[in-house]
Amino acid sequence: MKPLDAPQRALSFGGNPPLSLPMRYFLSAPMFAALAAAFLAWQGDAALLTRWSPLTLAITHLLVLGCLSMTMIGAMLQMLPVVAGIEVPRARLVGAVVHLCLCAGTLALACAFWQESPPLFRAAMALLLAGLVLFVGACTVAMWQYHLPGSGAVVAGIRLALASLVLTMILGGVLASVFAWPGLIQAPMQRLTDLHALWGMLGWVGLLVIGVAFQVMPMFMLTEPYPKYLTGAYSTWLFILLGGASLSSGWTGPGAALHMACLVLLAAGYALFGGTTLYLLARRKRPRADPATLFWRTAMASLLAATGAWLWSAAAPSGAAASAHTPLAIGVLLIVGFALSAVSGMLYKIVPFLTWYHLQDARSVSGRKPPNINQIIPERHAQWQYGAHLASLLMLLAACWQPALVRPGAALLCAACLALWLNLGSAVSRHVFNTFPSSLHNHE
Amino acid sequence: MNTLLERGESARLLDVGGLEAPEPMVRILEALDTLGPGERLRVLIDREPVPLYRILLRNGYQYRTALCDGQHYEVLIWLVPTA
C-alpha cells in the first residue's frame, strides 16, 4: 500500500483563481464589520434610535456593503469556476478593481451619511456603481458560457441574486442622487428606501445565502440534501414575490392587501428555509456542533425570529409592536443575526477549504501533504469567537429597548469581528505564506 | 446498483458517502494515484462532485455519472490511453 505521505500524481487543478483573489475579500469583510461596530460603540445610542438616522445608515452600509456584499462577491468569483466550471473573464483584474471600488466606495458612502456631504455621496456613487456594474457585467458574461452539469441549481440561485443586486443598486443610486444633488431630484424616499432594503436583504443577500446553502450544507455540514420542493422553483417564487411586493407597494385598497399578501408569503417562504435548515442540521448523522454549525443555527434562528417579529408588528399596527424599536430589532436580527452569522459560518468552512485546495494544488511543487482541513483553523479559537458574536447579538437586540447596552454590545461585536479576522488571517498566513512565500500570487 | 457498468465489466469500488469535504476528493485522488493501466474506479458519493470533473478532464481522465436512488451518485472514472 502506498504511504500516505508519498508525492501524489501531479493532478492539475488549474484554471481556478489565485488564492489572493477571494482572500482579499474575505479578510476585508471582518474589518468593515469591526469598523461598523467600533463606530456604533463610539456614537452610542444616538446611532440606534431609529432606522432613518444618518449614523444608523452609515453603520448599516458599512455592514451590508463592506462586510456582507464583500464576502458574497469574493465567494462568487471563487465559486463560479470551482463549482460550476465557469470562467469569469479577466478574473484577476476584475477581482482587484471591484475590491478597490467596493472598499473605497463603502468608506465614502459611510462618511457621506455621517457628514451629510453631497460631494462624498457623488464620489461614493461613482465608485460603488463602477465596481458593482463591472462585477455584475463580468458575471453575466461568464454565465452565458457552458456550465458543468450538476451545478444548475447553484447557477440559477446566483442569477436571481445578481438580478436582485442590480435592482438594489438602481434603487440605491436613485436614493443617493437625492442626497448628492439636494433639491434637484424629488423621490418618494420612504417607499424607495423600503424597496431598496427589501431587494438588498431578501433578494441579493437572502437568495444567495439560500442558493449557497443548497450546495454547502450537504457538502460541509453533512446534512441530507434539501428537499426537492426547496431546490426546485422555490427561489424563483421568492423572486416573483419580491417583484409583486415591489410593484404593489404604495397601492391602496385591494392593492394594499395584495402587497401585504406578498410580504406575508415572503416571510413564510424565508421561515420555511430557516426551519428546514434547522431540521436538516438536527437530523444529520454526525450532529457535532462545530463553530460553523453553531453560526448556521444562530443564523436560521435569527431569520425565524425576524420573520416572527415582522409578522407580529404587521398584525398589530398600533401599540408596542409598531414603535421604532421593532424595525431596529428586525434589522439587527437580519443583518447581524442572520446574514453576519451565515457569512461567518461559511467563512469558517470556505477559508480552510480554499487553503487546503491551494496546498493540495501546490503539492507537486512543495512535495508536502496538506494538513487535515480541521486543523487549519484551531476549533477552540473559532468557538471563542462564536461565543463573543452570540453575546454581542443578544446585547444589541436588548439595546434596541435598553440604550445603555448599545456601547458594550457594539464593543463586543467589534472584538468578535477582529477575532474572526485574526482566525482567518492567521490560518492563511501560517499555512500558505510560511510554506510558499510567493505562491499566494503566482500559483494559478 | 451497478448502473454504469456493462455486463461483465469490473471496476475498483470506492465508497466516499458520509464524508465531509474535502475528504471525498482526497480519497478519490489517492485512489486514482494507484489505478493500474486499464483499471477503472467506481465511486459512490452523496453529491455530484462537480469540482472533481475539471480536475479529471484536465488530467486526461474520462468519467460517467449516474444518479442511483434519486439522491446519491455513482461516478465511473478511467484514464484515456494516450496515442
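In which sense, parallel or antiparallel, do strand β2 and strand β4 of chain B pair, and over how many bridges? Let me begin there, with the reminder that what we have in front of us is a predicted model. Strand β2 of chain B, residues 40–45, and strand β4 of chain B, residues 73–79, pair in the antiparallel sense, and they do so over 6 bridges. If you would like a place to put your finger, look for Val43(B), which stands opposite Val75(B) in β4(B).

Now let us widen the view to the sheet around that pair. In chain B the strands run in the order β1-β2-β4-β3, and together these 4 strands form an open sheet with mixed pairing. At its edges are β1 (12–15) and β3 (61–67) of chain B, each of which pairs on one side only. Neighbouring strands of this sheet are turned against each other by 20° on average, if we ignore direction. The parallel part of the mixture can be seen where β1(B) pairs with β2(B) over 4 bridges, and there Leu13(B) stands opposite Arg42(B) in β2(B).

What packs on this sheet, and which strands does it touch? Helix α1 of chain B, residues 23–33, packs on the sheet and touches β1, β2 and β4 of chain B, while its direction makes about 170° with that of β2(B). Taken in order, β1(B), α1(B) and β2(B) make a right-handed β-α-β unit.

Let me turn to chain A, which has 15 helices and 0 strands. Of the 444 residues in chain A, buried residues make up 50%, and among the contacts in this chain between residues at least 6 apart in sequence, 78% join residues at least 24 apart. Helix α1 of chain A, residues 20–43, has 24 residues and reaches 34 Å from its first C-alpha to its last, close to the 34 Å expected at 1.5 Å a residue. After α1(A) comes Gly44(A), whose phi is positive, near 70°.

Finally, the nonpolar cores. The largest has 160 residues, and Ala33(A) and Ala124(A) are those with the most contacts inside it. Helix α11 of chain A, residues 325–361, gives the most to this core, with 22 residues. A second, separate core has 14 residues, including Ile28(B), Tyr53(B), Ile55(B) and Val75(B). You will remember Val75(B) from the start of this talk, where it stood opposite Val43(B).

Conventions. Residues are numbered from 1 along each chain as its sequence is written. Chains are lettered from A and ligands numbered from 1 in the order in which they are written. This is a predicted model: local features need pLDDT of at least 70, side-chain atom pairs count only at pLDDT 80 or more; totals for chains, interfaces and linings use all residues. Two strands pair if DSSP finds at least two bridges between them. Helices (H or I, at least four residues) and strands (E, at least two) are DSSP runs, numbered from the N terminus. Axes are lines fitted to C-alpha atoms, for helices over the stretch in contact, and angles run from 0 to 180 degrees between N-to-C directions. Two residues are in contact if their C-beta atoms, placed from the backbone, lie within 7 Å. A nonpolar core is a set of buried Ala, Val, Leu, Ile, Met, Phe, Trp, Tyr and Cys residues joined through C-beta atoms within 7 Å. A residue is buried if 20 or more other C-beta atoms lie within 10 Å of its own, exposed if 12 or fewer, and partly exposed in between; C-beta atoms are placed from the backbone. A crossover is right-handed if, with the strands pointing away from the viewer, the path from the first strand over the helix to the second runs clockwise. The expected span of a helix is 1.5 Å times one less than its number of residues.
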